[in-house]
Amino acid sequence: MLLGPPGAGKGTQAQVIAGQLGVPAISTGDIFRANVSGETELGLQAKSYMDAGDLVPDEITVAMVKTRLAETDAKGGFLLDGFPRTIAQAEQLKESLHELGDALDCVLELVVDEDELVRRLSGRRTLVDGQWVQRSDDEPETVRHRLQVYREQTAPLSGWYEAEGLLSRIDAIGAVEEVTQRALDALEACRGTRSDGPGAG
Ligand code: ADP
């Protein structure tokens, strides 16, 4: 699971790391955005929270992730990006994985200072139909609010997962490939320490 504030590069790293591991990258932000553009019931429920830079309620998010984890491509493992984001989500994830006789192997926290995050997010653009567009929640005021939501609701997960013995922190400033290498090294180390554990094999 990748933990880190908005703009830490979770999405970018998730794609590369999941590709290397041969598992799906599951991004709750991407699933929500796809539902908003597809104007589904879930998208309608999530949209106002996302536009405001607030978290979508745990109930909606957890149900969505459970459905996604039940799909066949997740049976051999998965990488979570952007979930869990609250202690309640983490507890419910732990419980539902436990029911399946499973558990997270490793949590990687991407560490980036806040000045760098604001700089990255306000400059972020994506190419859509040949045009560079800014995500509506990347506007400066919403960015500041998302960072505050992160500090208040998500940052406590760092200590929570540390207490679970799952956390590795990596410096996420530098070239994308450098950060990927740090992430893969940390993942190797934490999988190594768990290879003789109950989930071995
Ligand atoms: P970022 O990490 O840059 O904030 P994401 O794509 O992960 O971007 O999330 C975008 C928005 O989607 C969040 O601001 C929030 O509204 C919603 N969201 C994503 N994941 C969750 C989650 N686990 N719980 C609640 N809301 C979420």
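A polar contact is here a pair of N or O atoms within 3.5 Å; within protein, one atom must be able to donate a hydrogen and the other to accept it, and residues adjacent in sequence count only if both atoms belong to side chains. The structure is a predicted model, in which local features require pLDDT of at least 70 and side-chain atom pairs count only at pLDDT 80 or more, while totals for chains, interfaces and linings use all residues. Residues are numbered from 1 along each chain as its sequence is written, and side-chain values rest on heavy atoms, with hydrogens and water left out.

By the polar-contact criterion, the side chain of D54 pairs with the side chain of H145 at 2.6 Å. D54 is located in the loop between α3 (41-52) and α4 (58-69), helices being DSSP runs of H or I with at least four residues and strands runs of E with at least two, numbered from the N terminus. With a relative accessible area of 34%, D54 is partly exposed, a class that lies between buried (under 20%) and exposed (over 50%), as computed with a 1.4 Å probe and protein chains only. Neighbours within four places in sequence aside, D54 is in contact (heavy atoms within 4.5 Å) with Y49, H145 and V149.

D54 also belongs to the surroundings of the ligand, where 19 residues are found, with T28, R33, D54, G82 and R146 coming nearest; a residue is counted as near if one of its heavy atoms lies within 4 Å. A backbone N or O atom of D54 lies 2.6 Å from an oxygen atom of the ligand. Nitrogen atoms of the ligand are placed 3.0 Å from a polar backbone atom of V56 and 2.9 Å from a polar backbone atom of G82. Taken alone, the ligand exposes 550 Å², of which the protein buries 96%, the areas being obtained by the Shrake-Rupley method with a 1.4 Å probe. Helix α2 (residues 28-37) contributes the largest share of the shell, four residues.

The largest nonpolar core comprises 23 residues, of which I17, L79, L108 and I170 touch the most other members; such a core is a set of buried Ala, Val, Leu, Ile, Met, Phe, Trp, Tyr and Cys residues joined through side-chain atoms within 4.5 Å. Two or more residues each are supplied by α1 (10-21), β4 (107-111), α6 (114-122), α7 (140-154) and α9 (176-194), and the largest share, six residues, comes from α9. Residues up to four places away in sequence not counted, I17 touches L79, A183, L184 and L187.
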